[in-house]
Amino acid sequence: MTSPDSGVPRLVIAAPSSGSGKTTVATGLMAALAGRGLAVSPHKVGPDYIDPGYHALATGRVGRNLDAYLCGPELVGPLFLHGARGCDIAVVEGVMGLYDGAAGEGELASTAQVAKLLRAPVVLVVDASSQSRSVAALVHGFVSWDPEVRIGGVILNKVASDRHEVLLREAVDSVGVPVLGVLRRAARVDVPSRHLGLVPVAERGSDAVDAVAAMGAQVAAGCDLEALVGLARAAGPLPGGSAPWTPGPMPTHHPSRSVKKSTPRVAVAGGAAFTFSYAEHTELLAAAGAEVVTFDPLRDEELPEGTAGLVIGGGFPEVYAAELSANEPLRKSVAELAFSGAPVAAECAGLLYLCRELDGLPMCGVLDASARMSERLTLGYRDAVAVSDSALAGAGTRMRGHEFHRTVVEPGAGAAPAWGMRAPERRVEGFVERGVHASYLHTHWAAEPGVARRFVERCRTS
């Protein structure tokens, strides 16, 4: 069955390498198109949580990830259609260089693979700051590398002058690829970075709003929006009659159960310290029958009333360690819930928050472990299997995940570890204690919807 949205106009914004300006161009294009009254669906290739926050600010819609490693290639189209439902156009920001994917896995999880799965034309953003005629060789190489990837145009970024622009346009014209935009250097669109990439929207407030507005103005002034929309409309239907992904219907419950037990309240950590989450997680929890309530550990002094389960995703607790530690009432509330046996799912930042201390500052003390900042960046996809039965998964459940942190937890695993890593190295990691499942591993629950259903059922019965 073909979805009525399967022909949604779409573009992939890619680049030869990281640092070329993909986020600026993609976010700016989203903002410029939204400013013209179009409903824009924002997407990001890969596991990145930060860029989708800027995309959401530009479009007024939830930014969604498309990750062929975490979710499998077969879910890329359905997840795309789920996010793009009812939209006029979709803009997909790529990851790293166009053909860069999971290490040692060929094209898997690359922007090129996602573009092919979506049958979406690619716009190549080229940092032209240190080249002129050589840009032709670069563009020619990217166009010819994989004939299945359709590069429909180029946007030249960081162009120095009118003369520089003329030289670049002449070079790209010789390759037969249209130049769809030329952007000068502009400091006002720069987004500050730190140890894990860009500073998230939630931390920047009005500065983020101003930056996104500047990106939109720059792209509107420097790019041919009509040509870009025309290219997006040429994408055609998705392959295979793809239908949108769905988190599932709301379940029916036995009438003898109380309302509290049949619709358990699941508290999800948010705010500036915990910004890393996939929108599909809360959708899956709601579809499994939970009432999802967001709280901010930096501001709220207790968990939402009636909390039956707790989800603490990723973010930057190391940046807010002092504030999190100072909120002693909430730390005690979290500990009481965890020690009661209620289901608690914690990923990365959530793991740090549950530790005894972080950089010497008291945290929740749910886990007998200590966390600290490290000079070493741990980054990469992981192939994992659940080692212990938990509120999230039964032992033996296989999932793929992603690690991204500059912290160390000692010990790295409890008596009952959460995951056994099968690749790229064999080791155990994380903690399963009482109803707690805590780990560094970020996972995408759309790949294994049973995770959310199991968690909600444990909330009903704990």
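Start by selecting Cys71: with a relative accessibility of 5%, this residue counts as buried (buried means under 20% relative accessible area, exposed over 50%, partly exposed in between, with a 1.4 Å probe and protein chains only). The model is predicted, so local features need pLDDT of at least 70, side-chain atom pairs count only at pLDDT 80 or more, and totals for chains, interfaces and linings use all residues. Residues are numbered from 1 along each chain as its sequence is written, and side-chain values use heavy atoms, with hydrogens and water left out.

**Stop 1: around Cys71**

Cys71 sits in the loop between β3 (64-66) and α3 (76-84). Helices (H or I, at least four residues) and strands (E, at least two) are DSSP runs, numbered from the N terminus. Now show the neighbours of Cys71: leaving out residues up to four places away in sequence, Cys71 touches Leu79, His444 and Ala447 (contact means heavy atoms within 4.5 Å). Then add Thr443, which is 372 residues from Cys71 along the chain; the two C-alpha atoms are separated by 8.9 Å.

**Stop 2: Leu29 in helix α1**

Select Leu29, in helix α1. Leu29 counts as buried at 1% relative accessibility. Which residues does Leu29 touch, not counting those up to four places away in sequence? They are Leu11, Ile13, Val91, Val219, Leu225 and Leu228. Met215 is also worth displaying here: Leu29 and Met215 are 186 residues apart in sequence, and their C-alpha atoms are 7.8 Å apart in space.

**Stop 3: salt bridges**

A search of the whole structure finds 22 salt bridges (a salt bridge is a side-chain nitrogen of Lys or Arg within 4 Å of a carboxyl oxygen of Asp or Glu). Side chains of opposite charge can pair when their charged atoms come close.

Select Arg36 and Glu226, whose side chains meet in a salt bridge (2.7 Å, N to O). Arg36 lies in the loop between α1 (22-35) and β2 (40-45) and Glu226 in helix α9 (residues 225-233), so this pair ties together parts that are 190 residues apart in sequence. Both Arg36 and Glu226 are exposed.

Go next to Arg64 and Glu283, where the side chains form a salt bridge at 2.7 Å, N to O. Arg64 is in strand β3 and Glu283 in helix α11 (residues 279-287); the pair links distant parts of the chain, 219 residues apart. Arg64 counts as buried at 10% relative accessibility, while Glu283 counts as partly exposed at 22%.

The next pair is Arg169 and Glu165, with side chains that meet in a salt bridge (2.9 Å, N to O). Where do Arg169 and Glu165 lie? Both are in helix α6 (residues 162-173), four residues apart, about one turn of the helix. Arg169 is partly exposed, with a relative accessibility of 31%, and Glu165 is buried, with a relative accessible area of 19%. Widen the selection to include Asp162 and Arg184: Asp162, Glu165, Arg169 and Arg184 are linked in a network of salt bridges.

**Stop 4: a negative surface patch**

Select Asp300, Glu301, Glu302 and Glu305, which form a negative surface patch. Patches are made of residues with over 30% relative accessible area and no salt bridge; like charges are joined within 9 Å, and nonpolar side chains (Val, Leu, Ile, Met, Phe, Trp, Tyr) within 5 Å. Accessible areas come from the Shrake-Rupley method with a 1.4 Å probe, and for residues only the protein chains shown count as cover. Lys and Arg count as positive and Asp and Glu as negative, while His and the chain ends are not counted. The place of a charge is taken as NZ of Lys, CZ of Arg, CG of Asp or CD of Glu.

Within the patch, pick Glu301, found in the loop between β11 (291-295) and β12 (307-312). Glu301 is exposed, with a relative accessible area of 53%.

**Stop 5: backbone geometry**

Most residues other than glycine have a negative phi, and most peptide bonds are trans.

Select Ala109, in the loop between β4 (89-93) and α4 (111-118). Phi of Ala109 is positive, near 70°, in a residue other than glycine. Ala109 counts as buried at 4% relative accessibility.

Move to Asp359, in the loop between β14 (357-358) and β15 (361-362). Asp359 is not a glycine, yet has a positive phi of about 50°. Asp359 counts as partly exposed at 39% relative accessibility.

Finish at Glu410 and Pro411, which are joined by a cis peptide bond with omega about -5°. Pro411 is in the loop between β17 (398-410) and β18 (419-423).
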